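Let's take a friendly walk through this model, from its outer surface to a few of its helices and loops. Have the viewer open as you read.

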Amino acid sequence: MTAVSAPPETPGVSRRLLGIELLVVLGLSFGMSGLGALISFVGSLTEPAELGQQVATLNGSRAPGRPWLDLAWQLYYIGRGLMPVVLVGYLLVREGTSLRVLGFDLREKARDFGRGTAVAAAIGGSGLLLYLGAQAADFNLTVAPSGLPEVWWRVPVLLASAWENSIAEEVIVLAYLLRRTGQLGWSWPAMLITSSLLRGSYHLYQGVGGLVGNIVMGVVFCLLYRRWGRVMPLVVAHALIDTVAFVGYALLAGHVSWLPTG
């Protein structure tokens, strides 16, 4: 068993600067997303309609009726979403290491894929049940994972979006955050709580179910990352969960009675 321990303090960089660096990275990525999700949720609560009757669309069209322009925008936002990961990689190189220190590499492809598949199967099913229950109880908005038109690039873009979400979230919110807070001398419970709450915060736009479900997912992912010492299995798990949600919704919406479509 590989355990993630607190990494040594970065030579030549004070804890104060590491803390500022962490705030900057989060401010450019999921910290601001959490704030935006809170504002969105307040807006949903103050709408006349119940939460379950409102729709949160993921991967929506950005240029309706103009498929080539829409595709350009989709690829732009996928690329932009990965830029904070590039920044983290650069900061780790400045530290004298690389993303490999987080276990973000292809050295253990078969093991990472096997572990990721098992995690996705366990979390995906329970997450779907939580969502359906929360949506039926009006604690959650109706989530539409795909709002893309039926064009040839719809599925490839949904797959790319799933991997972009997974890489960005797991590298930053899980592995990088735990590394930096460890270098800042935080206790393991504080690190776990911070990462899990952050993960839940930027899903609050979906409702209480999205918040709670992703906090639980964050706790599980933190524990598995601490045990395995590699983020790649969690990247795989997250990508598979999102792939099933995005592509499955695009193919099934309107064709099965149990899937809310708003």
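## Surface and charge

The protein chain exposes about 12900 Å² of accessible surface, and carbon and sulfur atoms account for 67% of that area. Please keep in mind that this is a predicted model. As for charge, the chain carries 18 positive and 15 negative charges, and the mean positions of the two sets lie 10 Å apart.

Turning from the surface to the interior, 47% of the 262 residues in the protein chain are buried.

## Overall build

How many helices and strands does the protein chain have? There are 8 helices and 2 strands, and their order from the N terminus is α-α-β-α-α-β-α-α-α-α. The radius of gyration is 19 Å, close to the 18 Å from the globule rule for 262 residues, so the protein chain is as compact as a globular protein of that length.

Along the principal axes, the C-alpha atoms fill a box of roughly 55 × 35 × 30 Å. If you work with contact maps, here is a handy figure: among contacts with a separation of 6 or more, 77% join residues 24 or more positions apart.

## Helix α4 and the turn after it

Helix α4 covers residues 109–136, which makes 28 residues. Its first and last C-alpha atoms are 39 Å apart, close to the 40 Å expected at 1.5 Å a residue. Its buried residues are Asp 112, Gly 116, Val 119, Ala 120, Ile 123, Tyr 131, Ala 134 and Gln 135. The elements that cover them include β2 (142–144), α7 (208–228) and α8 (232–252).

Just after α4 comes Asp 138, in the loop that leads from α4 to β2. Asp 138 is not a glycine, yet its phi is positive, at about 65°. Is Asp 138 buried or partly exposed? With 30% relative accessibility, Asp 138 counts as partly exposed, because buried means under 20% and exposed over 50%.

## Helices α6 and α7

In α6 (188–201), 14 residues span 20 Å from first C-alpha to last, close to the expected 20 Å. Buried here are Trp 188, Met 191, Leu 192, Ser 195, Ser 196, Leu 198, Arg 199 and Gly 200. Those buried residues pack against α1 (15–27), α2 (30–45), α5, α7 and α8.

For α7, the 21 residues should span 30 Å at 1.5 Å a residue, and the end C-alpha atoms are indeed 30 Å apart. The buried residues of α7 are Gly 209, Gly 210, Asn 214, Met 217, Gly 218, Phe 221, Cys 222, Leu 224, Tyr 225 and Trp 228. Their packing partners are α4, α5 (154–183), α6 and α8. After α7 comes Gly 229, with a positive phi near 70°.

## The loop residue Gln 206

The loop between α6 and α7 holds Gln 206. Which residues does Gln 206 touch, leaving aside those up to four places away in sequence? They are Asn 140, Leu 141 and Val 143. Gln 206 counts as buried, since its relative accessibility is 12%, under the 20% cut-off.

For a distance to try in your viewer, take Gln 206 and Trp 152: they are 54 residues apart along the chain, and their C-alpha atoms are separated by 28 Å.

## Two more residues to look up

Asn 59 sits in the loop between β1 (55–57) and α3 (67–95). Its phi is positive, near 55°, in a residue other than glycine. With a relative accessible area of 16%, Asn 59 is buried.

Met 83 belongs to helix α3 and is partly exposed, with a relative accessible area of 49%. Between Met 83 and Ala 175 there are 16 Å from C-alpha to C-alpha, and the two residues are 92 apart in sequence.

Terms used. Residues numbered from 1 in each chain as written. Predicted model: local features only at pLDDT ≥ 70, side-chain atom pairs only at ≥ 80, totals over all residues. Heavy atoms only, no water. Helix = DSSP H or I, 4+ residues; strand = E, 2+ residues; numbered from the N terminus. Expected span 1.5 Å × (residues − 1). Buried < 20%, exposed > 50% of the residue type's maximum accessible area, 1.4 Å probe, protein only. Contact = heavy atoms within 4.5 Å. Rg over C-alpha atoms; globule rule 2.2 N^0.38 Å. Areas by Shrake-Rupley, 256 points an atom, 1.4 Å probe, with all protein chains shown as cover. Lys, Arg positive; Asp, Glu negative; His and termini not counted. Charge placed at Lys NZ, Arg CZ, Asp CG, Glu CD.
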